[in-house]
Amino acid sequence: MFTTHDTFEKNPKMMREVYCDTLIELALDNEDIIVLDADLMSSIGTKPFFQRFPDRAFNCGVAEANMIGISAGLSAMGKIPFAHSFGCFASRRVCDQIMISAAYALQNVRIVGSDPGVTAAYNGGTHMPFEDMGVLRSIPHITLIEPTDNTMLGDIIKQLAVEKGVYYIRMARKNAVSIYEEGSKFNIGRGNILVDGTDLTIFSSGIMVHEALKAATTLEADGVSTRVVDMFTWKPIDAELVENCARTTGAFVTAENHNIVGGLGSAIAEAAAQRCCVPIEMVGVKDRFGQVGTEDFLRNEYRLTAAEIVAAAKRSIARKG
């Protein structure tokens, strides 16, 4: 059973530390675990893995396409590769290699794209992936995941050590707000209902889950019974849950740290349109490029806030019927 904390605070341990520590834990028992990076070991915090397992860690340099090709080759030899770069490079720069060398070839490759959306902050517009999930969502059979917090990330990484297929993990590097209690388990491909309600459903993932929960508190005070769903798997989307929410609440808001074109909102809308149509308002980046700034500035600039979710909720409810 998933439970949330009464108060939400940022975990003092960075997500990148959880990523590396979990891989080390797995590698101690499984010699097939391989880590690859595109000269970003400091950024993603994998230096301890490189030091502990120098024969199972590869710095591929600033050659991301080659890194995915190597990962596919390692998979073909029975290894379990985890390949990382910034989200912009781990998606659009290597799309063909993911499509052909990994997915089409039925390999088992895990690709980690860090600093999604506004979490790229000072890395600026060229390094700010608002489109990574959209770029990859059309590849057949790929699984797209955006872990919410440290607890989820650790559990997902452990699952991917045994699961088969191509996975893209969209991961913030730094401190995430703790949403789940330690020890919680997660089902890839299934959304989690964090708060139940009857008037409206908010679907969110990643950094927007906390904003959705804050918005739900505000809406409840205004008499709006709000359901909050953490839809951490964008593909395959949990269409059954989407239908259930459509029939029981009758109005949706989606909230994503991503372009609304081709993103989580699009995936929810596609599922709803095929099963039970409801009004949908999308909170996310409105087809814009990124820019340099603090994360707080960028959240406000692109309207990735609880206040924006509240406003969208009221518009969606007003469209009912």
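This is a short talk on the cores, aromatic pairs, largest pocket and a few backbone details of one structure.

Please keep in mind throughout that the model is predicted.

I will start with the nonpolar cores. The largest one has 66 residues. Within that core, the residues that touch the most other members are Y19, I33, F49 and I309. Which helix gives the most to this core? It is helix 1, residues 15-29, with eight residues.

Let me stay with I309 for a moment. Setting aside residues up to four places away in sequence, I309 touches I202, M208, E211, A212, A215, V253, A255 and V283. There is also a second core, separate from the first, with 41 residues. Among them are V166, A267, A271 and A272.

Next, a single residue, A161. Find helix 7, which covers 150-160, and strand 6, which covers 166-171; A161 is in the loop between them. Is A161 buried or exposed? Its relative accessibility is 9%, so A161 counts as buried, the limit for buried being under 20%. What does A161 contact, apart from neighbours within four places in sequence? The answer is L26, I33, I80 and F82. Take L26 from that list. In sequence, A161 and L26 are 135 residues apart, and in space their C-alpha atoms are 7.6 Å apart.

F82, one of those contacts of A161, also has a charged residue over its ring. R110 lies over the face of F82, 5.8 Å from the ring centre.

Now the aromatic pairs. The structure holds six of them. I will show two. One is formed by F86 and F89, with ring centres 6.5 Å apart and 40° between the planes, and it is tilted. F86 and F89 are both buried.

The other pair is F186 and F232. Why is this pair called edge-to-face? The ring centres are 6.1 Å apart and the planes stand at 80°, so the pair is edge-to-face; the label applies to planes over 60 degrees apart. This pair links distant parts of the chain, its members being 46 residues apart. On one side, F186 is in the loop between strand 6 and strand 7 (192-195). On the other, F232 is in the loop between strand 9 (226-230) and strand 10 (233-235). Both F186 and F232 are buried. Together with Y180, these two residues make up one aromatic cluster.

On to the largest pocket. The space in it is about 570 Å³. How many residues line the largest pocket? There are 29, and those nearest its centre are K10, T119, N175, E295 and R299. Two helices to look at here are helix 8 (208-221) and helix 11 (295-301), each of which supplies at least two residues of the lining. Helix 8 has the largest share of the lining, with four residues.

Next is a glycine, G61. G61 sits in the loop between strand 2 (57-59) and helix 4 (64-76). The relative accessible area of G61 is 19%, and G61 is buried. Leaving out neighbours within four places in sequence, G61 is in contact with D37, A38 and D39. For G61 and G262, the separation is 201 residues in sequence and 30 Å in space, C-alpha to C-alpha.

Last, the backbone. Where is the cis peptide bond that I want to point out? It joins K235 and P236, and omega there is about -5°. P236 belongs to the loop between strand 10 and helix 9 (239-249).

Two residues have a positive phi although neither is a glycine. For D287, phi is about 55°. D287 is found in the loop between strand 12 (280-285) and helix 11. Is D287 buried or exposed? D287 is exposed, because its relative accessible area is 57% and the cut-off for exposed is over 50%.

For R303, phi is near 60°. R303 lies in the loop between helix 11 and helix 12 (306-318). With a relative accessibility of 52%, R303 counts as exposed.

To recap two items: the largest nonpolar core has 66 residues, and the largest pocket has 29 residues in its lining. That is the end of the talk.

Note on methods. Residues are numbered from 1 along each chain as its sequence is written. This is a predicted model: local features need pLDDT of at least 70, side-chain atom pairs count only at pLDDT 80 or more; totals for chains, interfaces and linings use all residues. Side-chain values use heavy atoms; hydrogens and water are left out. Buried means under 20% relative accessible area, exposed over 50%, partly exposed in between (1.4 Å probe, protein chains only). Contact means heavy atoms within 4.5 Å. Rings of Phe, Tyr and Trp (its six-membered ring) pair if their centres lie within 6.5 Å; planes under 30 degrees apart count as stacked, over 60 as edge-to-face and the rest as tilted. A charge sits over a ring if NZ of Lys or CZ of Arg is within 6 Å of the ring centre and within 35 degrees of the ring normal. A nonpolar core is a set of buried Ala, Val, Leu, Ile, Met, Phe, Trp, Tyr and Cys residues joined through side-chain atoms within 4.5 Å. On a 1 Å grid over the protein atoms alone, a cavity is a set of points where a 1.4 Å probe fits but cannot get out, and a pocket is an open set with protein on both sides within 12 Å along at least five of seven lines; lining residues have an atom within 4 Å of a point. Grid points are joined across faces, edges and corners, and a volume is the space filled by probe spheres set on the points.
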